[in-house]
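Visitor: I am new to protein models and would like to learn how to read one, feature by feature. Could you take me through this one slowly?

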Amino acid sequence: MHIDFKISRETSNELRPNKKIMLKVLKLVIAASFLLISLSFAIRQEPDTSKSSSKVNTVVIDAGHGGKDPGTRGRTTKEKDVALKVALELGRKIKEETPEVKVLFTRSTDVFIELGERSAFANRNNADLFISIHCNATPRSKTVHGTETFVMGLHKTEGNLEVARRENSVILQETNYKQKYKGFDPNSPLAHIMLANYQSAFISSSLRLADLIEKKFQSVSDRESRGVKQAGFLVLWRCAMPAVLIETGFLSSPDEEDYLSSDDGQTEVAESIHQAFTAYKKDMDR
Ligand SMILES: [Zn+2]
C-alpha cells in the first residue's frame, strides 16, 4: 500500500514537467502547422515549373463521320474522307510546330465512331480543346458556299438547326440511341438548363476559337466566311472543354467540292485552322 502510494506520488510529481513539455510540443506543432499551411499557399501561388504552364496541352481533333456513315456527299466526294484528311493534316501541323502539345484523334482511319464516344474520348483524355471537322451541304442550291464554325448553343435560325439536324442524324445508325442521348433536345424549353450543365462554362473560349477560325479562313485562303454560329450538336454536347464544329465548305457546291477534295484545298483548310489554333493557344497562355 505504502509503496503503491509512493509510486503514484512520484508519478504525479513527474507529470508536471511532462505537462510543460507537452504544452511546448503542442505549441511547436501548432506553429509548424501554420508554417506548413502558409508555405503550401505560397507554393500553390508559384507557377508549377515541373509541368507546362500552358492552358492548351491536349487537343482532340475529331474527323466527322467515318465507316458506314459517309456524312454528306458531293458528286464524287464524301464528307468523311475530306474530314479525315483535314484532321490528320491539322494534327501533323500542330505536332510539328508545337511538339509540346499532345494531339489525339477520335479516328485516324475510315471507321465508324458514335457521336457520344467522341466527346467521351476527349473527356477521358482531359483534353483542353475539341475540334470537330465537317463539310456542309444544302439541297436547295449549288451556289451556296463558304465556311461556318459552330459552338454549342441554341440555334437562332432555321438554317443553323438544319445543319445540326443533319450532323446529329447519324445517331439513327447507333444502337440504343434514345437511351444514350436522353435529355438532349435543343428544341425543348429546358435546353438552356441542359447547356448550362455542359458547354456553357466554356462558351467564351469556344467562341474565341470559332471567331479566330472564321477570320483565318478569310485571311489565309480568301474563303467566304458565313460566320460563327450556335446550334445543338450532339458531338459537342458533353465536351467538358472548349469545343467547336467546323463546316469547312459545301460539298453541294461543285466549286467547293473541287476545292475540298483537292490536296491543296485540304492543306489550306488545315493551315487556316492551325493558325487559328496557334493564335488561340497564345491568347489562352497570356
Ligand atoms: Zn458532318
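**Reading helices, core and loops**

Guide: Let us begin with a pair of helices: helix α7, residues 203-221, packs against helix α10, residues 263-285, at an angle of about 135 degrees, and their axes are 8 Å apart. Angles over 145 degrees would count as roughly antiparallel and 65 to 115 as roughly perpendicular, with the rest of that range oblique, and therefore α7 is oblique to α10. The crossing of these two helices, α7 and α10, is right-handed. Please keep in mind throughout that this is a predicted model.

Visitor: Which residues of α7 and α10 make the contact?

Guide: On the side of α7 they are Arg208, Leu209, Leu212, Ile213, Lys216, Phe217, Val220 and Ser221, while α10 brings Glu268, Glu271, Ser272, Ile273, Gln275, Ala276, Ala279, Tyr280 and Asp283. Sorted by character, the residues of this contact between α7 and α10 are nine nonpolar, three polar and five charged.

Visitor: At what angle do α2 and α10 cross?

Guide: The axes of α2 and α10 cross at roughly 45 degrees and come within 8 Å, which means that α2 is oblique to α10. The crossing in which α2 passes α10 is right-handed. From α2, the residues Val82, Lys85, Val86, Glu89, Leu90, Lys93, Ile94 and Glu97 meet Gln266, Thr267, Val269, Ala270, Glu271, Ile273, His274, Phe277 and Thr278 of α10. In the contact of α2 with α10 there are eight nonpolar, four polar and five charged residues.

Visitor: Now I would like to step back to the whole chain. How many helices and strands does the protein chain have?

Guide: The protein chain has 10 helices and six strands. Of its 286 residues, 41% count as buried. To see how the chain folds back on itself, take the contacts with a separation of 6 or more: residues 24 or more positions apart account for 80% of them.

Visitor: Which residues touch the most other members of the largest nonpolar core?

Guide: That core holds 59 residues, and Phe233 and Val244 are the ones that touch the most other members. Helix α2, residues 79-97, gives the most to this core, with eight residues. If we set aside residues up to four places away in sequence, valine 244 touches Ile131, Ser132, Thr149, Phe150, Val151, Ser206, Leu209, Ala210 and Ile213.

Visitor: How should I decide about a single residue: is valine 269 buried or exposed?

Guide: The idea is to count the other C-beta atoms within 10 Å, where 20 or more make a residue buried and 12 or fewer make it exposed. Valine 269 has 28 of them and is therefore buried. This residue lies in helix α10, and, leaving aside neighbours within four places in sequence, valine 269 is in contact with Val86 and Thr248. Glutamate 158, which has its place in helix α4, residues 158-168, gives the opposite case, because 7 C-beta neighbours inside 10 Å make glutamate 158 exposed.

Visitor: How far apart in space are glutamate 158 and alanine 231?

Guide: Their C-alpha atoms are 9.9 Å apart, although glutamate 158 and alanine 231 are 73 residues apart in sequence. A similar reading can be made for serine 253 and valine 144, which are 109 residues apart in sequence and 6.5 Å apart in space, C-alpha to C-alpha. Serine 253 is in the loop between β6, residues 243-250, and α9, residues 254-261. With 21 other C-beta atoms within 10 Å, serine 253 is buried. Not counting residues up to four places away in sequence, serine 253 touches Lys142, Thr143, Val144 and His145.

Visitor: My last topic is the backbone angle phi. What is phi in histidine 65?

Guide: The general idea is that most residues other than glycine have a negative phi. Histidine 65 has a positive phi of about 65 degrees although it is not a glycine. Histidine 65 is found in the loop between β1, residues 58-63, and α2, and, with 26 other C-beta atoms within 10 Å, histidine 65 is buried.

Guide: Aspartate 222 is another residue other than glycine with a positive phi, near 55 degrees. Aspartate 222 sits in the loop between α7 and β5, residues 225-231, and its 8 C-beta neighbours inside 10 Å mean that aspartate 222 counts as exposed.

Note on methods
Residues numbered from 1 in each chain as written. Predicted model: local features only at pLDDT ≥ 70, side-chain atom pairs only at ≥ 80, totals over all residues. Axes fitted to C-alpha atoms, helices over the stretch in contact; angles between N-to-C directions. Helix = DSSP H or I, 4+ residues; strand = E, 2+ residues; numbered from the N terminus. Parallel < 35°, antiparallel > 145°, perpendicular 65-115°, else oblique. Left-handed = near helix turned anticlockwise from the far one by under 90°. Contact = placed C-beta atoms within 7 Å. Nonpolar A, V, L, I, M, F, W, Y, C, P; charged D, E, K, R; others polar. Core = buried A, V, L, I, M, F, W, Y, C linked by C-beta atoms within 7 Å.
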